[in-house]
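Work through the exercises below with the structure in view, and try each task before reading its solution.

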Amino acid sequence: MSLALLDKIYVVLIETSHPGNIGGAARAMKNMGLSNLRLVRPKQFPCAEATARASGADDILACAQVYDSFEESLQDCNLIMGTSARPRSIAWQMLTPRGCAEQAIRSEGKIALVFGREHSGLTNAELDRCHYWIQIPTNPEFSSLNLAAAVQVLAYELRGAALAFSPANVETVETEPNEPPASTEAMLQFYQHLEQTLIELEFLDPEKPRRLMRRLQRLFNRAQPNDSEINILRGILSAAEGKYIEKHAPRRLKNEP
Ligand code: SAH
């Protein structure tokens, strides 16, 4: 049975070293009815080993989209969920695989599930781009799953959630569709604007940034603003910059030799 709710899920594998893991992930996806695979700088792809491990999920490999950068692969996605075997230093919105699946199935727009490198996982900067972090609860003394096995666990939960939320099981209520969260590209531009304004206002010292931008990203990831809300926030930033320049420019001019 094809479940339309799964069509908005994009599995994104970052810099996978072993082509066998790409094939294993494709097989896991197809078993659970997922079809959108994105690869960021895979070490070897296409590759016979990937096709062999896909065991018949060749169509997923054939349609896989390959990207040069993490940002590019997520540009059109509205909700980004990153996976990590280890808890990280800064508290984020952590989800279990089941929590992730329920959240994903209910959300509007494209949803990316991002998986890291076999040896080092995702970088802190990559995890900071995610709205949620997902940790599969494993033995804390041996927590890291094989990449394709991690894809399998999440794909299984997504299928379960899609079955539970499929129209046959849910009473449909006619409501206005919610505006999806702003795209990754829009959020990135907003963060750049925010950082530049905070530096201009001398609130953020680029020499000593501490964790301000990471904390602000965490705040906005929690809120999941949509495009109109981002436009309002950027309007406020531009107004603040304008006022600051108006107030300080005469002094600057006066001090100039
Ligand atoms: N040594 C790496 C683990 C890499 S395993 C690290 O400590 O981060 C490769 C990828 O599989 C991870 O980046 C993650 O995407 C996924 N993965 C493995 N185990 C996981 C777990 N317990 N929970 C969530 N994702 C996991």
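**Exercise 1.** Establish where the ligand sits in this predicted model, and what kinds of residue surround the ligand.

*Solution.* Begin with the space itself: the ligand takes up the second largest pocket. Next, look at the shell around the ligand, which consists of 21 residues, the closest being Thr83, Arg86, Gly116, Ile136 and Leu145. Finally, sort this shell by type, which gives seven nonpolar, ten polar and four charged residues.

**Exercise 2.** Find which atoms of Thr83, Arg86 and Gly116 approach an oxygen atom of the ligand, and then state how much of the ligand the protein buries.

*Solution.* Start with the side chains: Thr83 places a polar side-chain atom 2.5 Å from a ligand oxygen atom, and Arg86 has a polar side-chain atom at 2.8 Å from an oxygen atom of the ligand. Then turn to the backbone, where an N or O atom of Gly116 lies 3.0 Å from an oxygen atom of the ligand. As a last step, consider the surface: the ligand taken alone exposes 550 Å², and the protein buries 93% of that.

**Exercise 3.** The structure holds three aromatic pairs; classify the one formed by Phe190 and Phe220, and locate its two members in the chain.

*Solution.* A pair of aromatic rings is described by the distance of the centres and the angle of the planes. For Phe190 and Phe220 the ring centres are 5.0 Å apart and the planes stand at 85 degrees; since an angle over 60 degrees counts as edge-to-face, this pair is edge-to-face. Then place the rings: Phe190 belongs to helix H8 (residues 184–200) and Phe220 to helix H9 (residues 212–223), so that the pair links distant parts of the chain, 30 residues apart.

Technical notes
Residues numbered from 1 in each chain as written. Predicted model: local features only at pLDDT ≥ 70, side-chain atom pairs only at ≥ 80, totals over all residues. Heavy atoms only, no water. Near = heavy atom within 4 Å. Polar contact = N/O pair within 3.5 Å; in protein donor to acceptor, adjacent residues only side chain to side chain. Areas by Shrake-Rupley, 256 points an atom, 1.4 Å probe, with all protein chains shown as cover. 1 Å grid on protein atoms, 1.4 Å probe; cavity = no way out; pocket = protein on both sides within 12 Å on 5 of 7 lines; lining within 4 Å. Sits in = over half its atoms within 2 Å of the grid points. Nonpolar A, V, L, I, M, F, W, Y, C, P; charged D, E, K, R; others polar. Phe/Tyr/Trp six-rings, centres within 6.5 Å; stacked < 30°, edge-to-face > 60°. Helix = DSSP H or I, 4+ residues; strand = E, 2+ residues; numbered from the N terminus.
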